[in-house]
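Morning, everyone. Please have the sequence and the model open in front of you. I'll walk through it piece by piece.

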Amino acid sequence: MPALGQGTWKMGSNRDARRRERDSLRLGIELGMTLIDTAEMYGNGAAEELVGEAVDGMRDQVFLVSKVLPTNASRQGVRRSCEASLKRLGTDRIDLYLLHWPGSIPLAETIDGFEALRRDSMIRDWGVSNFDLDDMLSLVGLARPGGCLANQVLYNLEHRGAEFDLLRYSHDQGIPLMAYSPVGQGGELLKHPALVELGHRHGRTPAQIALAWTLQHPNVISIPKASLPEHVRENAEALSIRLQDEDIALLDQAFPPPTCKTSLEIL
Ligand code: NAP
């Protein structure tokens, strides 16, 4: 799996922005951000349709991730949802299919449905999203070894809770953590003086520093969403930034790592 990808939440629904969003995704692929994350939930399928347009003619260069809603995560439900997603994406396989968040349908049933999709080559692998450590512990007891390929969670400088236990556990299990909202949804995080200072130090933008910070963990994949081409270009360059020990120390001071367990936050 590529370490740096592209998110698509809130894309595809606005007719005027559609062409720019599609071109930005294509630009990102050309710049090496070949993992694209989407979901049946995003714009009720509109984001998947946009992704389908964006990867047209480039499908084999792309690692496609989509997600099923917990309410659709029964054995038959995942098949129906997956079929609909494949149609919207204009492809015959999803590379990684995630359960969007833990729901009330027994996990064993969802996993059963995912494994059936795998056998039928509709998905290459499956994983989960918004699973805290206790959710992961129940999952690992139900899945075949190596079955779950990733856990996508909220992880950025402002939300470091996963570092207390989940990040280490995932690393030990060899299950990558996929960091969503890595640039804090483009909000206050990017104005923080520590990020501004490090940006000056490295000749980079605060967003690039925030992304580089997520990518310094070997087991973390980062999926920023950008619909502006200048943001896409910036994000793609984050892979080449090497933060030094003194940079990390400054960030730890500004955004202290967790010292106790907190429940995994969800957006
Ligand atoms: P994000 O990627 O942290 O932030 C996206 C926002 O930041 C957009 O407004 C974007 O602006 C702006 N931005 C991007 N690059 C920038 C840059 N270099 N400089 C300044 N601003 C920049 O937040 P997100 O969209 O919430 O998370 C990323 C992806 O993770 C989502 O799109 C989705 O695929 C996934 N996600 C999953 C879950 C889940 O429950 N599994 C939840 C949330 C998100 P423009 O668009 O204007 O360029």
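Strand β5 and strand β6 (residues 148-154) run parallel, joined by 3 bridges. One bridge pairs W126 with C148 in β6. From β5 the chain crosses through helix α5 (residues 133-142) to β6, and this β-α-β crossover is right-handed. Right-handed here has a strict sense: with the strands pointing away from the viewer, the path from the first strand over the helix to the second runs clockwise.

Some ground rules before we go on. This is a predicted model: local features need pLDDT of at least 70, side-chain atom pairs count only at pLDDT 80 or more, and totals for chains, interfaces and linings use all residues. Residues are numbered from 1 along each chain as its sequence is written, and side-chain values use heavy atoms, with hydrogens and water left out. Helices (H or I, at least four residues) and strands (E, at least two) are DSSP runs, numbered from the N terminus. Two strands pair if DSSP finds at least two bridges between them.

Now the other side of β5. β4 and β5 pair in the parallel sense, over 5 bridges. Within that pairing, I94 has I123 of β5 as its bridge partner. The chain gets from β4 to β5 through helix α4 (residues 107-119), in a right-handed β-α-β crossover.

How enclosed are these strands? In β5, 6 of the 7 residues are buried, so the rest of the structure largely encloses it. Buried means under 20% relative accessible area; exposed is over 50%, and partly exposed is in between (1.4 Å probe, protein chains only). For β4 the count is 6 of the 6 residues, so β4 too is largely enclosed.

One step further along. β3 pairs with β4 in the parallel sense, with 4 bridges. V68 is matched with L99 in β4. β3, α3 and β4 form a right-handed β-α-β unit.

Zoom out to the whole sheet. It is an open sheet of 8 strands, paired in parallel, in the order β1-β2-β3-β4-β5-β6-β7-β8. The edge strands are β1 (5-6) and β8 (220-222), and each pairs on one side only. Helix α3 (residues 75-89) packs on this sheet and touches β3 (63-68), β4 (94-99) and β5 (123-129). Contact means heavy atoms within 4.5 Å. The direction of α3 makes about 135° with that of β4. For that angle, axes are lines fitted to C-alpha atoms, for helices over the stretch in contact, and angles run from 0 to 180 degrees between N-to-C directions. At the β1 edge, 2 bridges join β1 to β2 (residues 35-37), again parallel. Q6 has I36 in β2 as its bridge partner.

What about the other edge? S222 sits in strand β8. Its relative accessibility is 0%, so S222 counts as buried. The S222 side chain makes a polar contact with the T214 side chain, at 2.9 Å. A polar contact is a pair of N or O atoms within 3.5 Å; within protein, one must be able to donate a hydrogen and the other to accept it, and residues adjacent in sequence count only if both atoms are side-chain atoms. Leaving aside neighbours within four places in sequence, S222 also touches residues including A3, A179, P182 and L211.

T214 is one of the buried residues of α8. Helix α8 (residues 206-215) is mostly covered, with 9 of its 10 residues buried. The cover includes α7, β8, α9 (229-237) and α10 (245-254).

Last topic: charges. How many salt bridges are there? The count is 22, where a salt bridge is a side-chain nitrogen of Lys or Arg within 4 Å of a carboxyl oxygen of Asp or Glu. Take E48 and R88, which meet at 2.8 Å, N to O. E48 lies in helix α2 (residues 46-55) and R88 in helix α3, so the pair ties together parts that are 40 residues apart in sequence. E48 is buried, at 0% relative accessible area, while R88 is partly exposed, at 22%.

R201 and E197 form another salt bridge, at 3.2 Å. They are 4 residues apart in helix α7 (residues 193-202), about one helical turn. R201 is partly exposed at 44%, and E197 is partly exposed at 38%.

Finally, a network of salt bridges links R59, D60, D92, R93, D95 and R124. Within it, R93 meets D92 at 3.6 Å, N to O. D92 is exposed, at 55%.
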